[in-house]
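Visitor: Could you take me through the aromatic rings here, one step at a time? I am new to this and would like a close look.

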Amino acid sequence: MLNLNFHPFPELKTKRLRLRQVLPTDVEAVMKIRGNEEAMRYIPRPRAKTTEDALAVVEMLTNGINESKSINWAICNAENPSEIFGIMGYVNFYPEQSKAEIGYMLHPDYWGKGFIPEAILEVEKFGFEQINLQIIEAKIDPRNENSRKILLRNDYQFDRLVPKEMIFQDEELDSEYYFKQKHTGLL
Ligand SMILES: CC(C)(COP(=O)(O)OP(=O)(O)OC[C@H]1O[C@@H](n2cnc3c(N)ncnc32)[C@H](O)[C@@H]1OP(=O)(O)O)[C@@H](O)C(=O)NCCC(=O)NCCS
């Protein structure tokens, strides 16, 4: 059974990062991330254009935690945790399959510094050990090479390509699915 009680909020730490809850006071930073065209290119969600849009994102993330439907962490510099530059977490749970879908994004100013590879290890550890996941799934737009690199380097396996899986803003989008299984220690 999955453990989907996230109270108190489980903060995580890596060498350079602190992963904490996204708060209403982060609205300007969320606006910068979710409003950035480059960062949102392969994320089929409406881009935040106003502070209200960003606040709605914060509310959605908060409700997900309170309703045990998702959990997302703000990615911050360990030295300056008031400023967030990314969001990462489990965006969907599938309890009957002991599975969750992982998602992540950074403001482009912070790309290429290995922050997601660093954060993903702690988020996976939490998923396998605390939530009790057996499988972590990731879904990408096949054009998103940076995201595919993260997954392949982090030992995710390709599962399937689903052509024209959805329509977003009048565009038919394909999805590639990847997965990682809990390491049981058995051969
Ligand atoms: C995908 C993403 C999370 C990668 O995170 P990251 O912490 O930058 O990952 P890395 O530091 O390992 O860099 C990954 C690749 O990005 C590319 N990259 C590096 N610096 C870059 C820069 N300044 N600008 C653009 N791309 C860059 C490189 O190809 C790098 O691979 P390399 O190590 O072979 O050079 C990030 O690009 C992002 O937030 N993208 C937008 C949101 C998104 O698409 N999320 C995934 C949805 S499934």
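Guide: Here is a walk through the ring pairs and the charges that sit over rings. Keep in mind that this is a predicted model, where local features need pLDDT of at least 70, side-chain atom pairs count only at pLDDT 80 or more, and totals for chains, interfaces and linings use all residues. Residues are numbered from 1 along each chain as its sequence is written, and side-chain values use heavy atoms, with hydrogens and water left out.

A pair of aromatic rings is described by the distance of the centres and the angle of the planes. Rings of Phe, Tyr and Trp (its six-membered ring) pair if their centres lie within 6.5 Å; planes under 30 degrees apart count as stacked, over 60 as edge-to-face and the rest as tilted. The structure holds 8 aromatic pairs. One of them joins Tyr90 and Phe93, a tilted pair with 6.2 Å from centre to centre and 40° between the planes. Both Tyr90 and Phe93 are buried (buried means under 20% relative accessible area, exposed over 50%, partly exposed in between, with a 1.4 Å probe and protein chains only).

Now turn to Phe158 and Tyr178: their ring centres are 5.5 Å apart and their planes at 70°, so this pair is edge-to-face. Phe158 has 44% relative accessibility, so Phe158 counts as partly exposed. Tyr178 has 4%, so Tyr178 counts as buried.

Ring pairs also link Phe6, Phe9, Trp73, Tyr90, Phe93 and Phe126 into a cluster.

Finally, a charge sits over a ring if NZ of Lys or CZ of Arg is within 6 Å of the ring centre and within 35 degrees of the ring normal. Lys99 lies over the face of Tyr94, 5.1 Å from the ring centre, and Arg160 lies over the face of Tyr177, at 3.8 Å.
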